Amino acid sequence: MKRVRADIRMVAPVLLGIVVFGFWSMLKPHWVIERELLQMFRWTGDYFVGRMMMPGGLARYVADFLSQLFISVRLGAFLLALMAVLSQGLSWIVLRRMRPQRASSSSAFTARTYALSFVPTLVFNFLLCDMRVQLTLFVAFLMTLVCLALLPRRRPSASLAVSAVVVVIGYWLIGPMVLLVPLYHLRWLTVHQQQLKTVVSVIALILLLTVCMFCSLRVTPYPLRIVAQGIDYVWNTGKIGTDEEMQYDLLLREADWKSILQKASQQPPHSAASRHIVQLAAWYQGQISQQQLAETFSNVRESINSSVAAGMMSDFCMHLGVLNIAQRAAFELNESAVNYNKSARAMKRLAETALCTGQYEVALKYVALLEQTLFYRSWAHDLRDLAEHPDRLKAHKKYGMYQKVYAEATDHIFI
């Protein structure tokens, strides 16, 4: 059988990275940016300890760190492409080790086996097209591949002994993805003298992992079903939003009013929140009057039927100067986050509305949290100055206007 040529092994991962980057940045940019919506990574010891107190804590912490970078479509797409290349490379290393040394002294594999190393990457990128599947799952897989690549290769007994330690420690750091470690040892079934020992050892490692799961139930607020599938691998609760809502939300963030109207002309939006954004774009483009825009302000509660819709309606109400409902929608967004997460975007809006409605102490509470983030820190510093010196608020071009509108307008009840 032909050996895999070295030049192909160099070019193929690069092409893989380009394809993955192009897919996420050009075809699914809205899926990239929405992954930042329901998280707020904070650079504090308490945040790290809080993650490490749960099984799979390190994988989740790293995934949270990466998720904050998805605030930029290109940066998020680049990270996904980089993870894809790492996944393929590590998979290839593990596959080269799959055949025991006794069975073959050659390190060369066929093109078919090399192609197999691309399968995990393609599978995980396909899974990430579902917003319920979290980046933690991909990170946990990469960490497990690193563990497999570092296991002793030639001596089965030493490899099994190290694997027992990896299963116990790895379960707490990575989560149930370490199940791949016991399964990895099935490679020794190709050696006749090792078959019985391999079966017994693999069963023992799986039982050890099961014991770790049941013991972790005593310190986690999750049922066995969630612990077994991974606490932050897949979200089974909460409605994040439809693909249509995500597309309109991305255009709303970019204030691309022309693209919003163009998209709506091609296909009328189905979501109530999306229809509100189309009306807002029409107003900014001078197609409708402010009075006509205000007349569309109805059924707000029905429009907030998902996390993405809540963020959109908060922005919509902020553009109209209806601060109370903008605040309520942001609160709904914040509380819709799964697994006790918080939304940095919602926190930012809550800080703004608290400031403009004269709740300066409340605004400072949100500002203190945002100052612990990476991308909202500078903005939070500026807002702190306004919250600590309310007299400067009137002179502010944006917040001064909102404060004036709020003081003069009739209070809106959220119904």
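These legends accompany several views of a predicted model of one protein chain.

**View 1. The whole chain, helices and no strands.** Welcome to the overall fold: the protein chain has 23 helices and zero strands. Along the principal axes, its C-alpha atoms fill a box of roughly 85 × 45 × 35 Å.

**View 2. Inside and outside of the chain.** Of the 415 residues in the protein chain, 51% are buried. On the outside, the chain exposes about 20,400 Å², and carbon and sulfur atoms supply 62% of that area. Contacts that link distant parts of the sequence are worth a look here too: among those between residues at least 6 apart in sequence, 70% join residues at least 24 apart.

**View 3. Helices α20 and α21 side by side.** Here we zoom in on helix α20, residues 344-356, and helix α21, residues 360-370. The two pack with their axes 8 Å apart and at an angle of about 155°. Because angles over 145 degrees count as roughly antiparallel, α20 is roughly antiparallel to α21. Their crossing is left-handed.

**View 4. Side by side, residue by residue: the contact of α20 with α21.** From α20, the contact is made by Ala344, Met347, Lys348, Leu350, Ala351, Ala354 and Leu355. Facing them in the contact, α21 supplies Tyr360, Val362, Ala363, Tyr366, Val367, Leu369 and Leu370. Sorted by class, the contact has 13 nonpolar residues, one charged residue and no polar ones. The charged residue is Lys348 of α20.

Methods: Residues are numbered from 1 along each chain as its sequence is written. This is a predicted model: local features need pLDDT of at least 70, side-chain atom pairs count only at pLDDT 80 or more; totals for chains, interfaces and linings use all residues. Side-chain values use heavy atoms; hydrogens and water are left out. Axes are lines fitted to C-alpha atoms, for helices over the stretch in contact, and angles run from 0 to 180 degrees between N-to-C directions. Helices (H or I, at least four residues) and strands (E, at least two) are DSSP runs, numbered from the N terminus. Angles under 35 degrees count as roughly parallel, over 145 as roughly antiparallel, 65 to 115 as roughly perpendicular and the rest as oblique. A crossing is left-handed if the near helix is turned anticlockwise from the far one by less than a right angle, and right-handed if clockwise. Contact means heavy atoms within 4.5 Å. Buried means under 20% relative accessible area, exposed over 50%, partly exposed in between (1.4 Å probe, protein chains only). Accessible areas come from the Shrake-Rupley method with a 1.4 Å probe; for residues, only the protein chains shown count as cover.
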